[in-house]
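I opened a new notebook page for this chain. My plan is to look things up one at a time and write down what I find.

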Amino acid sequence: MTSSEKPYLSIVVPAYNEERRLPATLARILCYLDEQPYKGEIIVVDDGSEDDTVEAAKRLMSRHPNLRLIENDHRGKGYAVRTGMLAAQGQVALFTDADLAVPIEETARLLAQLEEGYDIAIGSREGLGARRYGEPWYRHLMGRGFNLLVRAIAIGQFKDTQCGFKCFRGEAAHDLFSRLQLYGDQAHPIERAATTAFDVEVLFLALKRGYRVAEVPVEWHYGLRSKVHPISDSIHMFRDVLAVRLNDWRGLYEE
């Protein structure tokens, strides 16, 4: 791909056992990109799915040259997102969940912040203008409790670090995701879906390296087929946040 053909926006979609939702998700993203004045690409990163996720993506690839597929073994969402962000060729790279919990149309809100001079814009389910739909009370309580831990241990300034809708200038994306310690090249294969706190490590690194980050309230819809395990994933995420702080104390995030 020549420089003149490179897209403005890369959209990374990590997918694990998403054969049912992925076709509709990709159709909606493709439709959105068709309506934009810039070129875009979609990168589906399969996280070692055991169903027909790969085949579902391939069926669309034959008709859409701006759709790419990367097949990973199963190492979790953090590793899948990292793979896609490092492969992104756009001036701007966005990652979004395969269920489009945040409608793809909210992309414009994040891009507007980059146009204002920010390096990173993160979707937030908190703050004035944010809207949540269909979320069980216990999930909201879990999220608020986790955010308190993040603020106390690692990052104090964000109301929501875990929303799966984040946008980066291309150079910032490549810089930050190449430096991840928790879910970088050393990430081990896993046996089931796992919710992790890779977002905390990315944002911790972003602030440490001097990038400007905007938190943008967005619309968010709770998915009925959520893969979150309330107890085990909460413990895993807490360990991740502690690991980020320990890595920093050990100097692993220095130049």
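The entries below go through strands, helices, a cavity, salt bridges, a surface patch and two loop residues.

**Ground rules**

I am working with a predicted model, where local features need pLDDT of at least 70, side-chain atom pairs count only at pLDDT 80 or more, and totals for chains, interfaces and linings use all residues. Residues are numbered from 1 along each chain as its sequence is written, and side-chain values use heavy atoms, with hydrogens and water left out.

**Entry 1: strand β4**

I began with strand β4, residues 92-96. Helices (H or I, at least four residues) and strands (E, at least two) are DSSP runs, numbered from the N terminus. I looked up how well β4 is covered, and five of its five residues are buried. Buried means under 20% relative accessible area, exposed means over 50%, and partly exposed lies in between (1.4 Å probe, protein chains only).

In a regular strand the side chains alternate between the two faces of the sheet. I therefore checked each side of β4: Val92, Leu94 and Thr96 are buried on one, and Ala93 and Phe95 are buried on the other.

Next I looked up the neighbours of β4, where two strands pair if DSSP finds at least two bridges between them. Strand β1 (residues 9-15) runs parallel to β4, and four bridges join them. Strand β7 (residues 165-169) pairs with β4 in the antiparallel sense, over five bridges. Phe95 takes part on both counts: Phe95 is the bridge partner of Val12, and Phe95 stands opposite Lys166 in β7.

**Entry 2: helices α3 and α6**

Helix α3 covers residues 77-87, and eight of its 11 residues are buried. I noted the buried ones as Gly78, Tyr79, Ala80, Val81, Arg82, Thr83, Gly84 and Met85.

In helix α6 (residues 170-177) I picked Ala173. Ala173 counts as buried because its relative accessibility is 0%. I also looked up its distance to Leu110, 63 residues away along the chain, and the C-alpha atoms of the two are separated by 15 Å.

**Entry 3: the cavity**

How many cavities of 30 Å³ or more does the structure hold? I found one. On a 1 Å grid over the protein atoms alone, a cavity is a set of points where a 1.4 Å probe fits but cannot get out, and lining residues have an atom within 4 Å of a point. Grid points are joined across faces, edges and corners, and a volume is the space filled by probe spheres set on the points. The largest cavity has about 40 Å³ of space. Its lining is made of Thr96, Asp97, Ala101, Val102, Cys163, Gly164, Phe165 and Trp220.

**Entry 4: salt bridges**

Side chains of opposite charge can pair when their charged atoms come close. The rule for a salt bridge is a side-chain nitrogen of Lys or Arg within 4 Å of a carboxyl oxygen of Asp or Glu. By this rule I have 20 salt bridges.

One of them joins Glu18 and Arg21, with the closest N and O atoms 2.8 Å apart. Both Glu18 and Arg21 are buried.

A second joins Arg132 and Glu126, where the closest N and O atoms are 2.5 Å apart. Arg132 is partly exposed, at 24%, whereas Glu126 is buried, at 16% relative accessibility.

A third joins Glu219 and Arg131, at 3.3 Å between the closest N and O atoms. Glu219 lies in strand β9 (residues 219-221) and Arg131 in strand β6 (residues 131-133), so this pair ties together parts that are 88 residues apart in sequence. Glu219 is buried, with a relative accessible area of 17%, and Arg131 is partly exposed, at 36%. I also noted one network, in which salt bridges that share partners join Glu126, Arg132, Glu135 and Arg144.

**Entry 5: a nonpolar patch**

Leu149, Phe238, Leu242, Leu246 and Trp249 make a nonpolar surface patch of about 490 Å². Patches are made of residues with over 30% relative accessible area and no salt bridge: like charges are joined within 9 Å, nonpolar side chains (Val, Leu, Ile, Met, Phe, Trp, Tyr) within 5 Å. Accessible areas come from the Shrake-Rupley method with a 1.4 Å probe, and for residues only the protein chains shown count as cover.

Which helix gives the most to the nonpolar patch? Helix α8 (residues 230-249) does, with four residues. Leu149 lies in helix α5 (residues 137-153) and is partly exposed, at 34% relative accessibility.

**Entry 6: two positive phi values**

Most residues other than glycine have a negative phi, and most peptide bonds are trans. Asn17 is not a glycine but has a positive phi of about 55 degrees. I found Asn17 in the loop between β1 and α1 (22-34), partly exposed at 27% relative accessibility. Leu100, also not a glycine, has a positive phi of about 50 degrees. Leu100 sits in the loop between β4 and α4 (107-115) and is buried, at 8% relative accessibility.

Methods
1 Å grid on protein atoms, 1.4 Å probe; cavity = no way out; pocket = protein on both sides within 12 Å on 5 of 7 lines; lining within 4 Å.
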